[in-house]
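Work through the exercises below with the sequence and the model open side by side. Each task is followed by a solution that goes step by step.

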Amino acid sequence: MSDKAEIIRVPQKHGRRWLIFALAVLLVAVLLALFILDQSTELDGVKRFFRYLGADGAAFPVENGVYAVTDDCLAAASGNAVSFYDTDGTVRARAEITGGQDLALKSRGDFLLAYEIGGSTLTLLDSAGNVCCTAAVTAVYDADLAENGSFAVLSAGDGCRAVLEVYCPSGELRFRHSSATRNLCACAISPDGSLVSAVALGQEELELSSSALLFATDSTEPVGELPLGAQLVYDMAFLKDDRLCAVGETSLAFFTAEGALLRKYPENEGDLCAYSFGDGFLAAVYDLYDQEACGLMLLDTDGKSTGFCRVAAPLSLHTCGSYTALLTADGLSIYDRSLRTCAETERGEFLAVYARPDGTAFCLDGSQATLFIP
């Protein structure tokens with residue numbers, strides 16, 4: 001037996017630890033970069049290049065009617081049917097809508113809500129044209145759609161002035177509020193479907209007065225109420241889960257889901273020509289009275305301006321995702337969230353434009369649609 005001691009060498013782990021640490025840092029950096037780019041439009045041009053490589057944006061026939069953008073397609077409602085068109089003009093699906101002849105459309109993500117103002121049926125569809133559910137009411141005044149497929153409907157009531165209801169995507173009634181003393185004229189539902197709001201009309205010192213009523217859909221008692229002044233409110237929407245905007249005759253009101261006013265804009269600075277609710281912002285065009293041009297401005301969830309530029313009178317204005325598409329007699333312009341011009345083209349015969357979340361836009365001339373690819 002040898003007297004020599006055997007020396008066992010322990011492998012050094014420092015190098016391996018540094019390699020694991022470097023890989024972890026690199027992974028975090030990549031994930032952070034992907035998150036930042038996903039929240040911006042910086043790479044959208046590259047994405048469009050590869051996605052539409054070889055596409056020529058040729059015109060394709062569409063039915064005359066009302067339109068909406070849902071998922072990757074253009075939805076067109078004509079008569080009592082809704083057709084879904086792919087970007088190349090292929091008809092993806094067609095759905096017959098019960099009890100509707102003059103349909104209105106609300107879209108959000110993969111969902112589309114079809115109904116007739118004054119009608120008795122609302123139909124929720126997905127972008128494949130499948131009917132998710134239907135809801136029956138007395139007569140529809142207004143409706144709104146959440147990202148998860150929940151929808152709010154304001155309708156005539158039986159024994160009351162109006163009824164505000166919220167339905168789940170399955171068609172189950174989740175919330176109901178009956179207004180016995182005040183008329184309700186507009187409604188909005190939060191993106192996650194947990195909150196709903198309606199505009200109540202009243203009278204104060206012989207003048208019309210409007211207020212926003214705010215509810216949590218798991219309770220029948222209002223969580224807040226905000227006076228909106230002596231004006232008729234045309235429309236209202238959630239800009240995000242806890243921020244709303246009401247579009248009125250004389251001002252835009254930005255407020256919280258608890259009824260705290262954040263900002264009113266503007267006060268006697270021009271006539272509102274067009275508006276469109278975006279993802280976390282509002283695009284609005286104002287006639288500037290004594291100037292030849294109009295003013296296009298973007299306002300964030302607190303009602304603060306994030307961009308302003310002078311434009312010609314609008315023929316069509318539409319927002320989707322982070323983009324705003326504006327059609328005027330001068331041409332079509334697409335802007336990002338900071339009002340940077342992403343693309344421009346001549347108007348041609350276009351009568352309306354519908355922005356898409358990737359920065360492209362469907363342009364309509366009444367009988368044809370064209371996908372404009374910046």
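A residue is called buried when its relative accessible area is under 20%, exposed when it is over 50%, and partly exposed in between. The model used here is a predicted one.

**Exercise 1. Aromatic pairs**

Task: Determine which geometry the pair of Y67 and Y354 has, and decide whether Y354 is buried or exposed.

Solution. A search of the whole structure returns 7 aromatic pairs. One of them joins Y67 and Y354, whose ring centres are 6.1 Å apart and whose planes stand at 65 degrees. Planes over 60 degrees apart count as edge-to-face, and the pair of Y67 and Y354 is accordingly edge-to-face. The next step is to place the two rings in the chain: Y67 belongs to strand β2 (residues 66-70) and Y354 to strand β30 (residues 352-355), so that the pair links distant parts of the chain, 287 residues apart. For the accessibility, Y354 has a relative value of 17% and therefore counts as buried, while Y67, at 12%, is buried as well.

A further pair, Y275 with F277, is also edge-to-face, with 5.7 Å from centre to centre and 70 degrees between the planes. Here Y275 has 28% relative accessibility and therefore counts as partly exposed. Finally, ring pairs link F60, Y85 and F362 into a cluster.

**Exercise 2. The sheet that contains β20**

Task: Establish the strand order of the open sheet that contains β20, and find which strands stand at its edges.

Solution. The order is β18-β19-β20-β21, and the pairing is antiparallel. At the edges stand β18 and β21 (261-265); each has a single partner strand, so one side of each is left without a neighbour in the sheet. From one strand to the next the twist averages 15 degrees.

Next, follow the pairing on either side of β20. Towards β19 there are 5 bridges between antiparallel strands, in which R243 stands opposite T256 and A246 stands opposite A253. The strands β19 and β20 make a hairpin with 3 residues between them. Towards β21 there are 4 bridges, again between antiparallel strands, and L252 has Y265 as its bridge partner. The hairpin of β20 and β21 has 4 residues between the strands, and G259 in its turn has a positive phi of about 95 degrees.

The last step concerns the side chains of β20. In a regular strand the side chains alternate between the two faces of the sheet. In β20, L252, F254 and T256 point one way, whereas A253 and F255 point the other way, and all are buried. The strand is thus mostly covered, with 5 of its 5 residues buried.

**Exercise 3. The largest nonpolar core**

Task: Identify which residues of the largest nonpolar core touch the most other members, and list what L228 is in contact with beyond its neighbours within four places in sequence.

Solution. The core has 18 residues, and those that touch the most other members are V199, L228, M236, L244, A246 and F255. Its residues can then be traced to strands: β14 (183-189), β15 (195-204), β16 (207-216), β17 (222-229), β18 (233-240), β19 (243-248) and β20 (252-256) each supply at least two of them. For L228, with the neighbours within four places in sequence left aside, the contacts are S210, S211, A212, V233, A246, A253, F255 and K264.

**Exercise 4. A second open sheet**

Task: Work out the order of the open sheet that includes β23 and β24, and find how many bridges join these two strands.

Solution. This sheet has 4 strands in the order β22-β23-β24-β25, with antiparallel pairing. Because β22 (271-277) and β25 (305-311) stand at the edges with a single partner strand each, one side of each is left without a neighbour in the sheet. Neighbouring strands of the sheet are turned against each other by 20 degrees on average, direction ignored. Between β23 (residues 281-287) and β24 (residues 294-300), which run antiparallel, there are 7 bridges, and D287 has C294 in β24 as its bridge partner.

**Exercise 5. The surroundings of S316**

Task: Decide whether S316 is buried or exposed, and find which backbone nitrogen lies 3.1 Å from a polar atom of its side chain.

Solution. S316 is placed in strand β26 (residues 314-320). Its relative accessible area is 11%, so S316 is buried. The backbone nitrogen in question is that of V353. Not counting residues up to four places away in sequence, S316 touches A325, L326, L327, L351, A352 and V353.

Key: Residues numbered from 1 in each chain as written. Predicted model: local features only at pLDDT ≥ 70, side-chain atom pairs only at ≥ 80, totals over all residues. Heavy atoms only, no water. Pairing = 2+ DSSP bridges. Axes fitted to C-alpha atoms, helices over the stretch in contact; angles between N-to-C directions. Core = buried A, V, L, I, M, F, W, Y, C linked by side-chain atoms within 4.5 Å. Buried < 20%, exposed > 50% of the residue type's maximum accessible area, 1.4 Å probe, protein only. Contact = heavy atoms within 4.5 Å. Phe/Tyr/Trp six-rings, centres within 6.5 Å; stacked < 30°, edge-to-face > 60°. Polar contact = N/O pair within 3.5 Å; in protein donor to acceptor, adjacent residues only side chain to side chain.
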